[in-house]
Amino acid sequence: MLYHVVKFAAVPLTHAMCRPHLSGAAHVPRTGPAILAANHLSVIDSFLLPALLPRHVTFAAKNEYFSGNPFSGWLMRLGGSLPTDRESARAAQEMLDAAAAVLERGELFGIHPEGTRSPDGRLYRGKIGVAWLALKTGAPVLPVALSGTDKVMPLGARVPRPASVGIRIGEPLRFEGDHGSARDRRRVTDEIMAAIQRLSGQEYVPQYASGHKPSHGTA
């Protein structure tokens, strides 16, 4: 109930601040599970899809979003996001198990395979948790390309700024393989990232974003 009350209040604010252009929403199934795999440019990324899609979307969000910026922490808690400890393999697996339970209930789950925001607007190598989920649950993966969210909430910003945002949702992808196979998880993850890149047009970097520092001039 709280989710729907907050969403009712958040939708007008989202349209006023972000002026979103959403395409491909018809690819989101009306019922049943699906994984929304999106690129990651801003802290508000995990808030946009839950605010704009008619179905409830549970997103994974790193712990820092809950404990750092008060605004982002407020958004994450109200949106029902799952906190993720990027430093603990056990905590990461617990988050994936919780995400699998969301999908097994027939709900939507959102994840940023890059694991952290892009430091320079490029698309970085995906982490294999998204593939584990897809192969474990059999849920289809919808690639999502976000643009302009880094203008609304740049790195280091404390409050959002008005800007135009684009959201493109691609056709559902289905995968076969063994969720226990590292090779299958890597293959599926790379295919998902390639689909996101085709939608976003971003330059792809075959390295993890966590190993790169923001370029000069980035807020």
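Contact, in this tour, means heavy atoms within 4.5 Å. This is a predicted model, in which local features need pLDDT of at least 70 and side-chain atom pairs count only at pLDDT 80 or more, while totals for chains, interfaces and linings use all residues. Residues are numbered from 1 along each chain as its sequence is written, and side-chain values use heavy atoms, with hydrogens and water left out.

**The whole chain**

Begin with the entire protein selected. Among contacts between residues at least 6 apart in sequence, 76% join residues at least 24 apart. Colouring by secondary structure shows eight helices and nine strands; helices (H or I, at least four residues) and strands (E, at least two) are DSSP runs, numbered from the N terminus. Of the 219 residues, 50% are buried. Here buried means under 20% relative accessible area, exposed means over 50%, and partly exposed lies in between (1.4 Å probe, protein chains only). The protein exposes about 10,500 Å², of which carbon and sulfur atoms supply 55%. Accessible areas come from the Shrake-Rupley method with a 1.4 Å probe, and for residues only the protein chains shown count as cover.

**First stop: the loop after H1**

Select Arg-19, which is found in the loop between helix H1 (2-18) and strand S1 (21-23). Most residues other than glycine have a negative phi, and most peptide bonds are trans. Phi of Arg-19, by contrast, is positive, near 45°. Arg-19 is partly exposed, at 47% relative accessibility.

**Second stop: strand S8 and its two partners**

Continue along the chain to S1, then add strand S8 (residues 166-169). S1 and S8 pair in the parallel sense over three bridges; two strands pair if DSSP finds at least two bridges between them. Leu-22 has Ile-167 in S8 as its bridge partner. Now add strand S7 (residues 141-147), which runs antiparallel to S8 and is joined to S8 by four bridges. Leu-146 also has Ile-167 in S8 as its bridge partner.

Keep Ile-167 displayed and select Leu-199, which is found in helix H8. The C-alpha atoms of Leu-199 and Ile-167 are separated by 9.5 Å, and the two residues are 32 apart along the chain. Is Leu-199 buried or exposed? At 17% relative accessibility, Leu-199 counts as buried. Leaving aside neighbours within four places in sequence, Leu-199 is in contact with Pro-143, Val-144, Ala-145, Arg-168, Ile-169 and Gly-170.

**Third stop: strands S2 and S5**

Select strand S5 (residues 108-111). In a regular strand the side chains alternate between the two faces of the sheet. Both faces of S5 are covered: Leu-108 and Gly-110 on one side are buried, as are Phe-109 and Ile-111 on the other. Adding strand S2 (residues 34-38) shows a parallel pairing with S5 over four bridges. Within this pair, Ile-35 stands opposite Phe-109.

**Fourth stop: helix H2**

Select helix H2 (residues 45-52). H2 is largely enclosed by the rest of the structure, because eight of its eight residues are buried. Those residues include Phe-47, Leu-48 and Leu-49, and also Asp-45.

**Fifth stop: charged side chains**

Side chains of opposite charge can pair when their charged atoms come close. A salt bridge is a side-chain nitrogen of Lys or Arg within 4 Å of a carboxyl oxygen of Asp or Glu. How many salt bridges are counted by this rule? The count comes to eight.

- Asp-120 and Arg-122 meet in a salt bridge at 3.0 Å, N to O; Asp-120 is partly exposed at 31%, and Arg-122 is partly exposed at 24%.
- Asp-150 and Lys-151 meet at 3.8 Å, N to O; Asp-150 is partly exposed at 25%, whereas Lys-151 is exposed at 53%.
- Arg-187 forms a salt bridge with Asp-184, the closest N and O atoms being 3.5 Å apart. These two residues are separated by about one helical turn, because they are three residues apart in helix H8 (residues 182-200). Arg-187 is partly exposed at 33%, while Asp-184 is buried at 18%.

To finish with salt bridges, select Asp-120, Arg-122 and Glu-203, which are joined into one network by salt bridges that share partners.

**Last stop: a charge over a ring**

Select Lys-127 and Tyr-208. Lys-127 lies over the face of Tyr-208, at 5.8 Å from the ring centre. A charge sits over a ring if NZ of Lys or CZ of Arg is within 6 Å of the ring centre and within 35 degrees of the ring normal.
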